[in-house]
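Visitor: I would like a close look at one part of this protein, namely its salt bridges, with their surroundings explained as you go. Please take me through them slowly.

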Amino acid sequence: MQTQFIGEHLLPGQLGHFFTLLSFIASLLSCYSYFQSVRYEHKNKDLSNTWLTIARNSFIIHTAAIIAIFFTLYYIITHHLFEYHYAWAHSDKSLNTKYLLSCFWEGQQGSFLLWAFWHSILGIVVIFTGKGLEARAMTVIALVQACLATSVLGIYLPGEVQIGTSPFILLREQMQNAPIFQQANYLSMVTDGNGLNVLLQNYWMVIHPPILFLGFASTLIPFAFIVAALWKGDYTEFIKPTLAWSLFSGGILGLGIMMGGAWAYESLNFGGYWAWDPVENASLVPWMFLVAALHTLVIFRATGRSLMITFFFYVLCYVAIWYSTFLTRTGVLGDTSVHAFTGEGKSMYWHLIIVIFIVGILGFSLISYRRKTMPIIKTEEGLWTREFWMFIGSFLLMLAAVQISISTSLPVWAPLAKWVSGKSFAPPVDPVAHYNNIQIWVAIIVTLLSSSALFLKFKTTNLSSIGKKFALMAAVSVVLSILIGWSQQIEGSQYVLLLFCSIFSIVASAFYAFGNQKSLIKMGPSLSHFGFGILVLGILITGRKKEVISLNTLGGFIPLGKTDMKEAIKESQENVLLYQDIPVAMNDYWATYKGDSSSTEDPRSFYKVQFERKNSATNEVLEHFLLYPDVFMNMKGEKGFSANPSSKHYWNKDIFTYVSSVSAKTDDLSSVSLDTFRSFKLAKGDTLFLSKGFMVFQGFNTNIKDKRYTQEANDIAVGALLDIFNLEGKINSVQPIYIIRDKAVNQIDDTTTESVGAIVRLGKIIPEENKAEIQIKEIEQVKPYIVLKAILFPHINLVWGGTILMILGFLLSMWRAITKKKEAKQSSEAA
């Protein structure tokens with residue numbers, strides 16, 4: 001007899017399963033109907049139109065089903081229906097309402113649904129604007145939607161073949177072997193969910209994923225139009241819609257990528273906005289292919305050249321979208337990424353490989369099929385033409401994207417390479433340096449070309465007309481480079497060269513915008529290149545002149561849980577110990593930890609840190625501000641905590657802080673008697689924090705020469721050497737002694753100076769661990785403390801401002817492309 005489970009709400013799940021199946025069937029029907037419409041467009045126009053109507057209606061039904069799935073799953077999450085595994089795994093009752101949306105896309109299925117949602121909305125736009133290419137383009141879009149729909153089907157075929165994973169699976173179905181689910185009233189014991197990853201509990205993660213996935217989804221539209229053009233064999237009709245959609249996609253995807261950088265800057269503690277993490281790279285590579293394709297498309301529109309490479313770049317871009325999804329969703333990256341899916345994505349491995357082959361074969365086979373019919377200009381481009389240097393820049397972007405992709409994919413190809421060659425390939429020890437050392441040369445050339453090419457003409461250029469302009473722009477750039485390089489102390493030939501190229505890009509783009517274009521609506525390209533130059537300049541200055549100001553001047557080692565000793569030493573040197581209410585010098589500031597606060601409504605603890613900048617002569621406070629870095633303890637049952645930074649923003653710099661370690665809560669220490677010793681196991685080099693300082697264990701001493709100890713025959717005596725520090729540095733050393741005499745243990749305690757105030761005893765020696773048990777009795781209770789890291793980012797606003805201007809240039813160019821189409825249409829109608 002089947003168990004009747006008490007309290008389950010099964011209707012939302014049943015509706016969800018229905019709409020999921022409906023979306024899949026409707027997308028397949030739409031794809032087939034669009035294909036049939038194309039098939040009969042020249043044979044039987046009426047039949048073709050009938051199929052076209054069925055295709056459109058099917059896609060509208062598919063879109064409605066996707067929206068219904070979206071709202072059904074959101075209903076399950078917001079109403080805390082923890083009988084559903086997705087709601088239990090990604091949410092809990094304590095979450096703020098604004099973060100419930102983040103629960104939707106934290107999981108695999110929710111993010112695929114978000115992707116499908118944007119595809120369906122963009123597909124509706126194509127239905128109304130695609131005109132002669134609608135049927136062919138929508139065949140591709142509907143096919144991709146069917147592939148995405150299978151990712152959430154959750155259907156099992158014979159042979160244990162699983163097609164997708166449903167977000168509407170019940171918790172008892174997902175964990176059916178757990179004893180709790182043998183009980184009809186199991187829901188009475190499932191009182192709350194597992195919760196949302198604390199890194200996603202940030203306002204950026206409410207808006208960043210939708211924008212990023214809109215960017216991912218929008219790359220499908222240019223791909224669909226180039227497939228439609230190849231399918232039809234028409235190489236003119238696709239240009240205008242592909243160009244407009246490419247500009248939209250480039251702007252939105254670029255915005256999504258930098259929103260991710262802003263989230264990382266505000267929520268992660270790696271000290272910056274970009275770390276060449278595989279997930280970051282996975283979004284950057286398709287964007288680089290897209291920008292390369294966009295520029296070669298402009299070349300083809302103006303000159304009739306570079307058509308095949310344009311198609312090639314667009315196919316590469318869309319294959320890269322799915323390949324990036326494969327890298328980040330299947331767990332193949334393992335521990336090389338801080339925020340890739342690991343466990344729940346393994347079921348998608350072959351699923352995504354099949355989709356990659358579908359889109360790849362579709363695109364590349366059509367290019368191969370049509371290669372002989374594509375228009376080709378056999379003469380070579382002139383050296384001093386815009387198309388030549390635009391092609392060089394595009395090709396270089398492609399090579400840079402390939403390099404990033406190969407390095408990111410190392411966990412994928414390394415096993416195969418080892419099998420073939422017998423050699424092992426390990427990830428770079430310093431990924432940031434690995435990528436920077438290569439990509440800096442790409443940045444140098446691209447920034448120089450991006451602005452210089454603006455002054456060249458398509459097909460032919462009169463060099464004498466632009467020579468004086470280039471000389472003037474170069475002179476202005478040299479002067480500005482010298483001034484900025486001197487003020488920011490930029491050193492190193494490659495960095496000085498990048499400085500000049502980025503400034504030249506800024507200067508030349510401004511000259512071109514106001515000297516050649518003049519009208520705002522035409523300034524899209526120059527605005528994008530201007531913003532790109534500012535972005536590169538900001539990356540250069542923040543990257544080279546980023547300064548850690550929380551220097552550990554006390555000399556003691558601060559343990560921060562790092563397993564790599566080199567990294568542990570570096571982090572110890574770059575973190576400062578702040579005892580409550582005791583100011584510590586930090587660059588131009590005095591930093592004081594003023595206490596912490598938490599509430600039952602917010603699982604985070606906020607640590608109040610006061611910064612003061614004083615006049616060195618008069619001690620007058622010139623500036624005062626408070627920062628509140630916070631800590632989320634024990635996220636999802638994991639050890640340790642998640643630290644969220646807090647920053648002070650200036651027009652020309654940011655002071656970025658985060659908490660690396662914290663003392664135990666005062667309540668936790670209330671049961672400790674100050675009249676008793678507390679024991680700690682220490683290895684050589686370990687640090688032990690006290691209320692007024694800390695001590696570092698330097699090892700054992702068996703050659704004891706101490707006036708407190710008189711050696712007798714058969715004594716076994718060992719001392720523990722400990723250096724004592726207060727906030728001013730090392731003040732003295734102590735040596736408690738452990739003695740075995742006549743089979744009895746004797747101990748001689750040692751006492752620190754009054755400024756630290758502790759009695760130290762060597763409790764016992766642990767030879768198998770090579771550790772000492774150090775016992776401490778303090779005169780006062782342990783004073784609360786935090787370990788803080790603070791970084792000064794000079795001119796960080798150049799990064800954000802440059803990004804915004806670059807994206808505005810994309811969107812302005814898109815608007816120009818759209819309105820230009822309308823102007824041309826109006827002119828033809830008037831004629």
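Guide: What follows is a walk through the salt bridges, with a short detour to a cysteine and to a pair of helices. The model is a predicted one, and the structure holds 16 salt bridges.

A good place to begin is the pair formed by Arg136 and Glu41, whose closest N and O atoms are 2.4 Å apart. Arg136 belongs to helix α6 (residues 134-150), whereas Glu41 sits in the loop between α1 (10-39) and α2 (45-78), so this salt bridge ties together parts that are 95 residues apart in sequence. Both partners, Arg136 and Glu41, are buried.

The salt bridge between Glu612 and Lys614 has its closest N and O atoms 3.8 Å apart, which is inside the 4 Å cut-off for such a pair. Here the two partners fall into separate burial classes: Glu612 has a relative accessibility of 16% and therefore counts as buried, since the limit for that class is under 20%, while Lys614, at 28% relative accessibility, counts as partly exposed.

Further along the chain, the side chains of Arg761 and Asp749 meet in a salt bridge, at 2.9 Å from N to O. This pair links distant parts of the chain, with Arg761 in strand β21 (residues 758-766) and Asp749 in the loop between β19 (744-748) and β20 (750-751), twelve residues apart. Asp749 is partly exposed, its relative accessible area being 26%.

Salt bridges can also join into a network, and one such network links Lys570, Glu571, Glu574 and Lys789.

Asp749 also serves as a reference point for the cysteine: Cys501 and Asp749 are separated by 248 residues in sequence and by 66 Å in space, taken from C-alpha to C-alpha. Cys501 lies in helix α18 (residues 493-517) and is buried, with a relative accessible area of 2%. If its neighbours within four places in sequence are left aside, Cys501 is in contact with Ile444, Thr447 and Leu448.

The helix pair completes the detour. The axes of helix α11 (residues 278-303) and helix α14 (residues 386-408) come within 9 Å and cross at roughly 160°; because angles over 145 degrees count as roughly antiparallel, α11 is described as roughly antiparallel to α14. The crossing of α11 and α14 is left-handed, and by class their contact has 17 nonpolar, seven polar and one charged residues.

How values were computed: Residues are numbered from 1 along each chain as its sequence is written. This is a predicted model: local features need pLDDT of at least 70, side-chain atom pairs count only at pLDDT 80 or more; totals for chains, interfaces and linings use all residues. Side-chain values use heavy atoms; hydrogens and water are left out. Axes are lines fitted to C-alpha atoms, for helices over the stretch in contact, and angles run from 0 to 180 degrees between N-to-C directions. Helices (H or I, at least four residues) and strands (E, at least two) are DSSP runs, numbered from the N terminus. Angles under 35 degrees count as roughly parallel, over 145 as roughly antiparallel, 65 to 115 as roughly perpendicular and the rest as oblique. A crossing is left-handed if the near helix is turned anticlockwise from the far one by less than a right angle, and right-handed if clockwise. Ala, Val, Leu, Ile, Met, Phe, Trp, Tyr, Cys and Pro count as nonpolar, Asp, Glu, Lys and Arg as charged, and the others, Gly among them, as polar. Buried means under 20% relative accessible area, exposed over 50%, partly exposed in between (1.4 Å probe, protein chains only). Contact means heavy atoms within 4.5 Å.
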